[in-house]
Amino acid sequence: MLFSSQFFILIFLPLSVALYYAMADRYRMRLAAILIASGFFYAWWDPRFVPLLLGSVGANWLLVRAFFATGQQTFLTLGVLFNLSLLGLFKYANFLAESVLGLMGITHQPWTIILPLGISFFTFQQISYLIDVKRGEANAYGMLEYANYVSFFPQLIAGPIVRHGELIPQFSRDPFRPEITEMFGRGIVLFVLGLIKKVFFADELGAIADEGFAVATTISSADAWTAALAYSLQLYFDFSSYSDMAIGLAAMFGFVLPINFDAPYKARNIREFWRRWHITLSNFLRDYVYIPLGGSHGGLAATCIVVMITMLLCGLWHGAGWTFVAWGALHGLAICANRTWLVTGLRVPVVFGWALTMVLVVIGWVLFRAPTFSDAGSMLRSMAIPQLNASNRFDAEDWRFVALGVGFSILGPTNWELVRKSFIQSRAVAVFAALALMIVCLRVGQGRGLEFIYFQF
């Protein structure tokens, strides 16, 4: 079920919160309440994949237990291979077969493999735990604690990617500790602000992007840029709204999840962009790929090789397609160019650095969205070369809406900055939250509301 659906807002969430706090004085019962809610939430999408999630959680937990019982790191290695095998089977099998057979001149008939929701996220969380155990940075946890860490419904489908030490120690905190009222209030407001960003911005911008990309070969350059900007904003508002709502939902249970976005379209260079965009994924790739491969300890050339490997994997994580690999390569090359430029000691005006970064990011999002290189090429050509006899598909209202989105993403505060303000406990804010929820529910009831983009990854 979508966070923005009426069933989630009006039925599932109130019942889940009520059940959790009803069991507040019984530790294992309240954890069981969260686990049941998370299982129901995941089963709502497709109950066929519940055994997969449970099997993944159980297998990883048993392998870690086996390691602590024997000291044999082979169990941890098997765990990492097991998680990568799940990803390989469900996410990359058709892609790899098509690529290999294509080189041989053979047409691959795609296998019917349905991608389980959230598999990229819950496998990465478990891989991070296995590696931390190997490094001596994690303990063995009880099955109930570990299962909740992996399957906690606010972040199960699309993150943030949470480390074990960021969540599991919070389970034992008293649900009725003094600060819980403030946390609950901030959680509600953050959830509502995320809903607004999703329903009134991301979904509306998605309609503009869809219309433009559907006719990429025949639209004017102005419309092509409008569509590309609309998708860039849709992606940001869509994914950041999910993360905001996930953090807000967790706060309602008294838990703190890591921030996943920090106004990435304000970034002055491409490296800063990746410190602000999908922060938990960036940190995962830094700690478990980039640094273990050598990081920046070698020379510039060695560092750039590690950067390219990391960003190619980043692109492949997002999707099983060569356009995603190309997107990762583009960002890798940009990061290497940035590092090379810094070696020269030269500086550029901040505005120029920001503009260059945003142009590269928008071009990259065209690759990210396009199903084929041909589709991406059509849009990029329309953006670069004025099309003769092309008619304008978008009107002034569309352009103003895209401009409004640009303004919010660049100049406006983040939702997290807003909820940190002291006024969050005022009655006026409570009234605003209630009215906003009503409006969103009415909007969804009118047939509005799309799935989050990152569900497909």
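Is the crossing of H5 and H12 left-handed or right-handed? Here are my notes on this one, bearing in mind that the model is predicted.

1. **H5 against H12.** The crossing is left-handed. Helix H5 covers residues 119–134, and the two helices pack at about 35 degrees with their axes 12 Å apart. On the H5 side, look at Phe-124, Ile-127, Ser-128, Ile-131 and Asp-132; their partners on H12 are Leu-281, Phe-284 and Tyr-288. By class, that contact has 6 nonpolar residues, 1 polar and 1 charged.

2. **H1 against H9.** Next, take helix H1 (residues 6–22) and helix H9 (residues 180–214), whose axes lie 15 Å apart at an angle of about 160 degrees. Because of that angle, H1 is roughly antiparallel to H9. Their crossing is right-handed. H1 brings Phe-8, Ile-9, Val-17 and Tyr-21 to the contact, while H9 brings Ile-180, Phe-184, Phe-191 and Leu-195. The class split here is 8 nonpolar, no polar and no charged.

3. **H2 against H6.** Helix H2 (residues 27–45) and helix H6 (residues 143–151) cross at roughly 35 degrees, and their axes come within 10 Å. This crossing is left-handed. From H2, the contact takes in Tyr-27, Arg-28, Leu-31, Ala-32, Ile-34, Leu-35 and Ser-38; from H6, Leu-144, Glu-145, Ala-147, Asn-148 and Ser-151. Sorted by class, you get 7 nonpolar, 3 polar and 2 charged residues.

4. **The largest pocket.** If you go looking for open space, the largest pocket has a volume of about 530 Å³. Its lining runs to 20 residues, and those nearest the centre are Arg-268, Asn-269, Asn-338, Val-348 and Gly-353. Three helices each put at least two residues into this lining: H11 (270–276), H14 (322–344) and H15 (350–369). The lining of the largest pocket splits into 13 nonpolar, 4 polar and 3 charged residues.

5. **The second largest pocket.** This one comes in at about 450 Å³. Trp-274, Arg-275, Ser-282, Arg-286 and Tyr-290 are the closest to its centre, out of 16 lining residues. H11, H12 (279–290), H13 (300–318) and H14 each give two or more residues to the lining. The largest share is from H12, with 6 residues. Class by class, the lining of the second largest pocket has 9 nonpolar, 3 polar and 4 charged residues. So as you trace H12, keep two roles in view: H12 packs against H5, and H12 helps line this pocket.

6. **The cavity.** What about enclosed space? The structure holds 1 cavity of 30 Å³ or more. The largest cavity has a volume of about 80 Å³. Lining it are Leu-190, Lys-197, Tyr-236, Ser-240, Asp-244, Ile-247, Ile-259, Phe-261, Thr-414, Asn-415 and Trp-416. H9, H10 (221–252) and H18 (415–419) are the elements that supply two or more of these residues. H10 gives the most, at 4 residues. By class, the cavity lining has 6 nonpolar, 3 polar and 2 charged residues. H9 turns up twice in this note, then: in the contact with H1 and in the cavity lining.

7. **Two backbone spots to check.** Most residues other than glycine have a negative phi, and most peptide bonds are trans, so exceptions deserve a look. One is the cis peptide bond between Gly-159 and Pro-160, where omega is about 5 degrees. You'll find Pro-160 in the loop between helix H7 (153–156) and helix H8 (164–167). The other is Ala-263, which is not a glycine but has a positive phi of about 50 degrees. Ala-263 sits in the loop between H10 and H11.

Key. Residues are numbered from 1 along each chain as its sequence is written. This is a predicted model: local features need pLDDT of at least 70, side-chain atom pairs count only at pLDDT 80 or more; totals for chains, interfaces and linings use all residues. Side-chain values use heavy atoms; hydrogens and water are left out. Axes are lines fitted to C-alpha atoms, for helices over the stretch in contact, and angles run from 0 to 180 degrees between N-to-C directions. Angles under 35 degrees count as roughly parallel, over 145 as roughly antiparallel, 65 to 115 as roughly perpendicular and the rest as oblique. A crossing is left-handed if the near helix is turned anticlockwise from the far one by less than a right angle, and right-handed if clockwise. Contact means heavy atoms within 4.5 Å. Ala, Val, Leu, Ile, Met, Phe, Trp, Tyr, Cys and Pro count as nonpolar, Asp, Glu, Lys and Arg as charged, and the others, Gly among them, as polar. On a 1 Å grid over the protein atoms alone, a cavity is a set of points where a 1.4 Å probe fits but cannot get out, and a pocket is an open set with protein on both sides within 12 Å along at least five of seven lines; lining residues have an atom within 4 Å of a point. Grid points are joined across faces, edges and corners, and a volume is the space filled by probe spheres set on the points.
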